[in-house]
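The exercises below ask you to read a structure step by step. Try each task on your own before you turn to its solution.

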Amino acid sequence: MRPIITAFEHSPDRGQGLARDMRVRWALEEVGQPYDVRLVSFAAMKEPAHRALHPFGQIPTYEEGDLALFESGAIVLHIAQRHAGLLPDDANARARAIAWMFAALNTVEPPILDRVIAKLVEGDKSWAEERLPLVEGRIRDRLAELSGRLGDADWLDGAFSAGDLLMVTVLRGKSRAGLLREYPNLVDYVARGEARPAFKRAFDAQLAVFTGNSPTG
Ligand code: GTB
């Protein structure tokens, strides 16, 4: 059965692939599962029909038969559990890969998102300039710890997994590049993720929504 995901009709990132449908697209591409995309406007996301799929009126959602899911992490985990390729077979290694999925979303992403808020939402506040170094300090702490753990390995725990997929999506993007540059092994790690053919297919597909062109594959 071909799943249907939702994505922004007009992505504000101008095709950088930063919206969270990118994680889901990448996971589906990694496991070789074709999918359909329903594009939604900002207004439609807040309508009851979409809220029935997503209680917070956001993208991405995932529909597969009578299953409807929201939350990109839960969707990636579902895909990884249903298909080979994103989680190890060994039970302990699988549990560790899932721990890295949570680490990406619960430990590394929050300070990164806080910086987005500090700059875009709170940037005009009188205290914004004072707060930003604190926020960036918390990101640096996390990146330093992650960098130390990764060392010179290609991936976080053995073979590429859904944990790496989520971690790379959390770390990538132009706005994070400056901070990441202080940790060359993390820069290489993100580049390795972005070099995967499945990432490229997913990126091209979401970019095509912005440019109006079909992905070249
Ligand atoms: N925890 C949820 C998940 O992981 O699925 C968060 C989902 C979420 O934040 N969705 C955003 C959304 O629907 C899009 S991805 N926002 C609309 C709303 O809340 O009304 C976040 C996002 C948005 C824009 C950019 N960008 O332009 O760079 C990047 C990421």
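A salt bridge is a side-chain nitrogen of Lys or Arg within 4 Å of a carboxyl oxygen of Asp or Glu. This is a predicted model, in which local features need pLDDT of at least 70 and side-chain atom pairs count only at pLDDT 80 or more, while totals for chains, interfaces and linings use all residues. Residues are numbered from 1 along each chain as its sequence is written, and side-chain values use heavy atoms, with hydrogens and water left out.

**Exercise 1.** Find which residues are joined with Asp 114 into one network of salt bridges.

*Solution.* Begin with Asp 114 and Arg 138, whose side chains meet in a salt bridge at 3.8 Å, N to O. This pair links distant parts of the chain, since Asp 114 belongs to helix 5 and Arg 138 to helix 6, 24 residues apart (helices are DSSP runs of H or I with at least four residues, numbered from the N terminus). Next, Asp 114 also meets the side chain of Arg 131 in a salt bridge of 2.9 Å, N to O. Arg 131 lies in helix 6 and Asp 114 in helix 5, so this pair ties together parts that are 17 residues apart in sequence. Then follow Arg 131 to Glu 122, where the closest N and O atoms of a further salt bridge are 2.8 Å apart. Glu 122 is buried, with a relative accessible area of 18%, whereas Arg 131 is partly exposed at 23% (buried means under 20% relative accessible area, exposed over 50%, partly exposed in between, with a 1.4 Å probe and protein chains only). Shared partners thus join Asp 114, Glu 122, Arg 131 and Arg 138 into one network.

**Exercise 2.** Which residues touch the most other members of the largest nonpolar core?

*Solution.* Start from the definition: a nonpolar core is a set of buried Ala, Val, Leu, Ile, Met, Phe, Trp, Tyr and Cys residues joined through side-chain atoms within 4.5 Å. Of the 49 residues in the largest core, Met 167 and Leu 171 touch the most other members. Helix 5 gives the most to this core, with eight residues. Now look around Leu 171: leaving aside residues up to four places away in sequence, Leu 171 touches Val 108, Ile 112, Leu 143, Leu 146, Arg 176, Leu 180, Tyr 189 and Val 190, where contact means heavy atoms within 4.5 Å.

Note on methods. Helix = DSSP H or I, 4+ residues; strand = E, 2+ residues; numbered from the N terminus.
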